[in-house]
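Biologist: Please take a close look at one part of this model, the charged side chains. Where do they sit, and what do they pair with?

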Amino acid sequence: MDRNQKRSVILLIHCRDQKGIVASVTDFISKNNGNILYLDQYVDAGRGMFFMRVEWDLDGFSVPPDRLESVFSEEVGGSCNMHLSLYFSDERPRMAVFVSKLSHCLYDILSRCQSGEWRVEVPLIISNHPDLEAVAKGFGIDYHYIPVTKDNKAKQEKHQVELLKAHNIDFVALARYMQILTADFVSHFPNRIINIHHAFLPAFPGAKPYHSAYERGVKII
């Protein structure tokens, strides 16, 4: 983290929608001398669920970082039955990238990480094809070619999980990885897998969604 950049914390919460949630959260931050840097909220009216992301400056904040989760849960979260997660700006999560043959998503991710726009580490790239190994080497990142077929999928996913754990990976990004992950693989990283994909799902699944959309007469204006 830049020396001139103040340490901040990001709080993610979700719970049943009810009155006073925003007021309770912002009051907790204000009374403990916190300065809000970003706040966004969303209500899923169909499910009656409330979602919120709020970031605030920790400079002068009266609750110590190591007690923040417990104090917030006791004073605010418990009464609303909130599910919450805390992330600190000086922590760099470790991300693994899964790719196949197309390189544009991978280049975009690695460029943003290298420039410091994204504060993440990428120690590992896994692919079911050997095509992008040179890209990984150019960025000095471990590349593992693990071919996947219908017959060896379970065995190869077990190998992938072992690699992810060996590299202490926090989350996975699928950057045009042309394989469907099994439920067993996902169970090892619940809510920690991001799929970078076009907007044709679920209407046009498969390896050639653009072709299928064109054949059906889909027009983009």
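Modeller: Lysine 31 has a relative accessible area of 53%, and the cut-off for exposed is over 50%, so this residue counts as exposed. This is a predicted model, and the values here are computed from it. Lysine 31 makes a salt bridge with glutamate 75, with 3.2 Å between the closest N and O atoms. The two partners are 44 residues apart, lysine 31 in helix H1 (residues 21-31) and glutamate 75 in helix H2 (residues 68-80), and the pair thereby links distant parts of the chain. Glutamate 75 has a relative accessible area of 43% and is partly exposed.

The two helices that carry this pair both lie across strands. H1 lies across S1, S2 and S3, at about 15° to S3. H2 lies across S1, S3 and S4, and runs at about 150° to S4. These strands belong to an open sheet of four, ordered S2-S3-S1-S4, with antiparallel pairing. At the edges are strand S2 (35-44) and S4, each of which pairs on one side only. From one strand to the next the twist averages 10°. S2 and S3 run antiparallel and are joined by nine bridges. In this pair, glutamine 41 is found opposite methionine 52 in S3.

S3 also holds a charged residue without a salt bridge. Glutamate 55 is in strand S3 (residues 49-57). Glutamate 55 is buried, and the nearest side chain of opposite charge, that of arginine 53, is 4.3 Å away. A salt bridge requires a nitrogen within 4 Å of a carboxyl oxygen, so a distance of 4.3 Å does not qualify. Leaving aside residues up to four places away in sequence, glutamate 55 touches Ser8, Val9, Ile10, Asn35, Ile36, Leu37 and Tyr38.

Salt bridges number nine in the model. One of them joins the side chains of arginine 7 and aspartate 90, at 3.0 Å from N to O. Arginine 7 lies in the segment before strand S1 (8-16), and aspartate 90 in the loop between strand S4 (83-88) and strand S5 (94-99), so this salt bridge ties together parts that are 83 residues apart in sequence. Both ends of the pair are partly exposed: arginine 7 has 30% relative accessibility, and aspartate 90 has a relative accessible area of 35%.

Another salt bridge is formed by arginine 112 and glutamate 117, whose closest N and O atoms are 2.8 Å apart. Arginine 112 is partly exposed, at 26% relative accessibility. Lys6, Asp57 and Asp59 are joined into one network by salt bridges that share partners.

For contrast with the antiparallel sheet, there is also a parallel pair to look at. Strand S8 (residues 171-175) pairs with strand S9 (residues 193-196) in the parallel sense, over four bridges. Valine 172 faces isoleucine 193 in S9. Between S8 and S9 the chain passes through helix H6 (residues 183-188), and this β-α-β crossover is right-handed. In general, both kinds of strand pairing, parallel and antiparallel, work through backbone hydrogen bonds.

To return to the request: lysine 31 is exposed and has a salt bridge to glutamate 75, whereas glutamate 55 is buried and has none.

Terms used:
Residues numbered from 1 in each chain as written. Predicted model: local features only at pLDDT ≥ 70, side-chain atom pairs only at ≥ 80, totals over all residues. Heavy atoms only, no water. Pairing = 2+ DSSP bridges. Helix = DSSP H or I, 4+ residues; strand = E, 2+ residues; numbered from the N terminus. Right-handed = clockwise from strand over helix to strand, strands pointing away. Buried < 20%, exposed > 50% of the residue type's maximum accessible area, 1.4 Å probe, protein only. Lys, Arg positive; Asp, Glu negative; His and termini not counted. Contact = heavy atoms within 4.5 Å. Axes fitted to C-alpha atoms, helices over the stretch in contact; angles between N-to-C directions.
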